[in-house]
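Please open the structure in the viewer and show side chains as sticks. The tour below proceeds from one selection to the next and states what is to be found at each stop.

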Amino acid sequence: MPTAAELAARELRKQQEREYRLRAIRGAREQWAQARPPRALHPYLERKGLSAVGTNALRVHGDALIVPVFWRDRLMSIQSITPEGQKRFWTGAPVKGGALVLDRPRAAVTAVCEGLATGLSIFQSLRMARVIVAFDAGNLIHAVDQLRPTGSVVICADNDHGTEAKRGTNPGREKAANAAELIGAGVAWPEGIEGTDWADYLAEVGEGGARKMERLIQAKARYVT
């Protein structure tokens with residue numbers, strides 16, 4: 001049994017961790033308040049071959065693209081992306097269970113994915129899709145658990161085939177399968193490309209890629225109640 005002193009020290013650590021998280025959240029919100037809507041397509045998105053469709057929630061600060069991370073409609077953190085594609089979350093602010101929802105009226109399918117570029121590529125290709133950006137593979141299951149999407153739902157996995165060839169595991173597909181199993185959703189991943197995600201698929205396939213992508217993803221969706 002822990003002593004009274006050990007319990008007191010444990011409680012103090014928890015309090016210090018809570019205070020640290022709260023300061024980090026405040027810092028992320030202050031940075032978000034200083035950021036401004038972009039006046040033009042950010043170079044990172046332009047380099048990915050994407051348009052401005054679905055980017056209403058994004059802001060810029062200096063040359064960085066600022067992506068909000070929401071938890072139950074409250075901004076909890078931000079992700080900054082440089083023009084070259086370097087990504088960084090706000091230090092100390094929680095991301096677990098957070099997401100960015102790219103919504104549209106009367107969406108017929110909900111697609112859940114990892115990164116922003118992947119989410120935008122899906123949103124711009126699937127004309128009736130709502131997209132949930134979970135930011136990384138490990139957060140897919142937490143975002144799904146938090147938001148609990150219903151109706152036609154598909155987890156759009158990264159296909160880490162290079163990792164699979166080297167180590168025998170495919171984290172993108174495995175984490176997506178876990179998230180899908182939680183609610184009974186389908187899983188779709190890109191195949192036959194050098195890249196790993198649906199943004200890569202769209203860029204590599206070229207002409208007609210959006211319609212092919214739409215068919216492939218929608219075919220894997222499952223109805224969730």
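The structure contains five salt bridges. The model is a predicted one. Side chains of opposite charge can pair when their charged atoms come close.

**Stop 1: charged pairs**

Begin by selecting arginine 18 and glutamate 11, whose side chains form a salt bridge with an N to O distance of 3.5 Å. Arginine 18 is partly exposed, at a relative accessible area of 37%, and glutamate 11 is likewise partly exposed, at 42%.

Next, select aspartate 103 and arginine 130, which meet in a salt bridge at 2.9 Å, N to O. Aspartate 103 belongs to the loop between β5 (100-102) and β6 (109-113), while arginine 130 belongs to strand β7 (residues 129-133), so this pair ties together parts of the chain that are 27 residues apart in sequence. Aspartate 103 has a relative accessibility of 48% and counts as partly exposed; arginine 130, at 25%, also counts as partly exposed.

Then move to glutamate 214 and arginine 127. The closest N and O atoms of this salt bridge are 2.7 Å apart. Glutamate 214 is found in helix α8 (residues 209-220) and arginine 127 in the loop between α3 and β7, so the pair ties together parts that are 87 residues apart in sequence. Is glutamate 214 buried or exposed? With a relative accessible area of 7%, glutamate 214 is buried. Add Arg211 to the selection: salt bridges with shared partners join Arg127, Arg211 and Glu214 into one network.

**Stop 2: aromatic rings**

Two aromatic pairs are present in the structure. For one of them, select phenylalanine 89 and phenylalanine 135. The ring centres lie 5.8 Å apart and the ring planes stand at 80 degrees, so the pair is edge-to-face. Phenylalanine 89 is in strand β4 (residues 87-89) and phenylalanine 135 in the loop between β7 and α4 (140-147); the pair thus links distant parts of the chain, 46 residues apart. Phenylalanine 89 is partly exposed, with a relative accessible area of 25%, whereas phenylalanine 135 counts as buried at 8% relative accessibility.

Now select tryptophan 198 and tyrosine 201. Their ring centres are 5.3 Å apart and their planes are at 65 degrees, so this pair is edge-to-face. Both residues occur in helix α7 (residues 198-205), three residues apart, and are therefore separated by about one helical turn. Tryptophan 198 and tyrosine 201 are both buried.

**Stop 3: charges over rings**

Select arginine 104 together with phenylalanine 123. The charged end of arginine 104 sits over the ring of phenylalanine 123, at 3.8 Å from the ring centre. Then select arginine 173 and tryptophan 189, where the charged end of the arginine sits over the tryptophan ring, 3.9 Å from its centre.

**Stop 4: the nonpolar cores**

Select Leu65, Leu116, Ile122 and Ile217. In the largest nonpolar core, which has 36 residues, these four touch the most other members. Helix α3 (residues 116-125) makes the greatest contribution to this core, with five residues. Separate from this core is another, of 17 residues, including Val112, Ala134, Ile155 and Ala185.

Centre the view on isoleucine 217. Which residues does isoleucine 217 contact, leaving aside neighbours within four places in sequence? The contacts are Ile122, Leu126, Val154, Cys156, Ala188 and Trp198.

**Stop 5: two individual residues**

Select valine 53, in the loop between α2 (43-47) and β1 (59-61). Valine 53 is partly exposed, with a relative accessible area of 44%. Not counting residues up to four places away in sequence, valine 53 touches Leu120, Phe123 and Gln124. For a distance across the model, add glutamate 204: its C-alpha atom and that of valine 53 are separated by 20 Å, and the two residues are 151 apart along the chain.

Finally, select glutamine 31, which lies in helix α1 (residues 4-34). Glutamine 31 counts as buried, at 18% relative accessibility, because buried means under 20%. Show His61, Ile78 and Trp90 as well: glutamine 31 touches these residues, with those up to four places away in sequence not counted.

Note on methods. Residues are numbered from 1 along each chain as its sequence is written. This is a predicted model: local features need pLDDT of at least 70, side-chain atom pairs count only at pLDDT 80 or more; totals for chains, interfaces and linings use all residues. Side-chain values use heavy atoms; hydrogens and water are left out. A nonpolar core is a set of buried Ala, Val, Leu, Ile, Met, Phe, Trp, Tyr and Cys residues joined through side-chain atoms within 4.5 Å. Buried means under 20% relative accessible area, exposed over 50%, partly exposed in between (1.4 Å probe, protein chains only). Helices (H or I, at least four residues) and strands (E, at least two) are DSSP runs, numbered from the N terminus. Contact means heavy atoms within 4.5 Å. A salt bridge is a side-chain nitrogen of Lys or Arg within 4 Å of a carboxyl oxygen of Asp or Glu. Rings of Phe, Tyr and Trp (its six-membered ring) pair if their centres lie within 6.5 Å; planes under 30 degrees apart count as stacked, over 60 as edge-to-face and the rest as tilted. A charge sits over a ring if NZ of Lys or CZ of Arg is within 6 Å of the ring centre and within 35 degrees of the ring normal.
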